[in-house]
Amino acid sequence: MESLKELSLRIKNIRSVQKITKIMQMVSAVKLLQSQKKLSNSRLYISKLHNIVSSLLVSVDQEFLAKILNVDSDSTYLVFIIASDRGLCGNFNSSIVRFSQEYINKLIISDKRVNIIFLGKKAFDIGKNRFDSEVILKVENSKGITLKHIESLIDDIDLSKYNKVKVFYNKFYNTFTQKPTLETIKPWSKDSSLIINFLTTSMVDYDYGYEPQNTEFILQSLIRDYITAALYSALLESVVSENSARMVTMESANKNTEEMLNKLALLYNRSRQAAITTDLIEVIGGAESL
């Protein structure tokens with residue numbers, strides 16, 4: 001059995017840990033609310049942009065459409081894996097890497113050329129031993145990335161080299177549910193996990209006027225903008241999911257530390273009572289011997 005001093009030290013250490021986890025839980029809760037506002041605006045924007053592209057595609061020549069969408073080939077892939085730069089958020093990072101690993105391995109086995117960009121250092125730390133270093137194109141921090149950073153990242157990449165661009169991210173559903181999701185952002189698809197369906201359907205009857213009267217040029221520009229916006233929206237989904245996962249993880253850690261403190265306090269009191277009883281027995285025994 002541990003001594004009273006050892007028990008007292010353990011209780012003190014656990015209380016220190018509990019203070020940290022409580023602070024982290026509160027910080028994550030505040031960040032969750034802030035990131036949810038950004039995500040809400042992003043979902044609205046990407047949904048409306050998606051609808052505008054849909055309306056343009058109807059009036060474009062099908063031969064030109066097949067050319068800009070690259071629907072006839074799928075030999076080259078650019079894959080983004082979005083996670084966090086920090087841990088202490090449960091299986092948030094490991095789940096997205098496992099989810100992407102299975103898909104990417106199938107592509108490689110099928111003789112597809114694949115390049116990977118990690119947005120999040122933890123994803124890279126987990127994935128660097130699971131993927132061939134030759135397929136890893138770039139590693140970027142995910143914390144604090146703005147739309148301008150995403151635009152700069154896209155500008156540095158020659159997207160014309162890739163037939164398909166895929167994004168793996170954790171989609172936010174609610175505080176307790178975030179699911180690893182695969183989104184295709186090139187070629188453009190009428191279905192997307194990033195958009196809000198009721199917003200796209202409510203705008204179908206809208207008419208748009210364009211200047212200049214060059215639908216193909218406008219469509220090419222919008223699709224490139226869509227790729228940037230979609231990647232940023234996926235990043236925001238991941239950020240909200242990360243904050244939510246960390247808040248829930250820290251809440252669980254608080255409950256665990258509280259249970260440990262209760263058990264240790266009970267053990268400490270029993271040990272202290274036993275020590276006092278032993279001292280009393282020794283005192284009484286010594287008095288009787290006199």
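A salt bridge here is a side-chain nitrogen of Lys or Arg within 4 Å of a carboxyl oxygen of Asp or Glu. Keep in mind that this is a predicted model, where local features need pLDDT of at least 70, side-chain atom pairs count only at pLDDT 80 or more, and totals for chains, interfaces and linings use all residues. Residues are numbered from 1 along each chain as its sequence is written, and side-chain values use heavy atoms, with hydrogens and water left out.

**View 1. Glu237 and Arg43 join up in a salt bridge.**
The N to O distance between these two side chains is 2.9 Å. Glu237 sits in helix α7 and Arg43 in helix α1, so this pair links distant parts of the chain, 194 residues apart. (Helices are DSSP runs of H or I, at least four residues, and strands are runs of E, at least two, both numbered from the N terminus.) Glu237 is buried, at 0% relative accessible area; buried means under 20%, exposed over 50%, and partly exposed in between, using a 1.4 Å probe and protein chains only. Add Lys171, and you have a network of salt bridges linking Arg43, Lys171 and Glu237.

**View 2. Arg224 pairs with Asp155.**
Here the salt bridge has an N to O distance of 3.4 Å. Arg224 belongs to helix α7 and Asp155 to helix α5, so the pair ties together parts that are 69 residues apart in sequence. Arg224 is partly exposed, with a relative accessible area of 35%, while Asp155 is exposed at 53%.

**View 3. Lys106 and Glu102 form a salt bridge within helix α3.**
Their closest N and O atoms are 3.8 Å apart. Both residues lie in α3 (residues 92–109), four residues apart, which is about one turn of the helix. Both are exposed, too. For the full tally, a search of the whole structure finds five salt bridges.

**View 4. The largest nonpolar core takes in 43 residues.**
A nonpolar core is a set of buried Ala, Val, Leu, Ile, Met, Phe, Trp, Tyr and Cys residues joined through side-chain atoms within 4.5 Å. The residues with the most contacts inside this one are Leu78, Phe80, Ile82, Leu119, Ile157, Val167 and Leu231. Two or more residues come from each of α1 (4–57), β1 (76–82), β2 (113–119), α5 (147–155), β4 (164–174) and α7 (215–289). Helix α7 gives the largest share, 15 residues. Another core lies apart from this one; it has 16 residues, among them Val97, Leu107, Val114 and Ile116.

**View 5. Ile82 and Ser238 are in contact.**
Contact means heavy atoms within 4.5 Å. Leaving aside neighbours within four places in sequence, the contacts of Ile82 include Ile96, Leu119, Val167, Leu231 and Ser238. Ser238 lies in helix α7 and counts as buried at 1% relative accessibility. Not counting residues up to four places away in sequence, Ser238 touches Ile82, Ala83, Phe92 and Asn170.

**View 6. The largest pocket holds about 420 Å³ of space.**
On a 1 Å grid over the protein atoms alone, a pocket is an open set of points where a 1.4 Å probe fits, with protein on both sides within 12 Å along at least five of seven lines; lining residues have an atom within 4 Å of a point. Grid points are joined across faces, edges and corners, and the volume is the space filled by probe spheres set on the points. Of the 19 lining residues, the closest to the centre are Ser142, Lys143, Gly144, Val239 and Asn243. Helix α7 supplies the largest share of the lining, seven residues.
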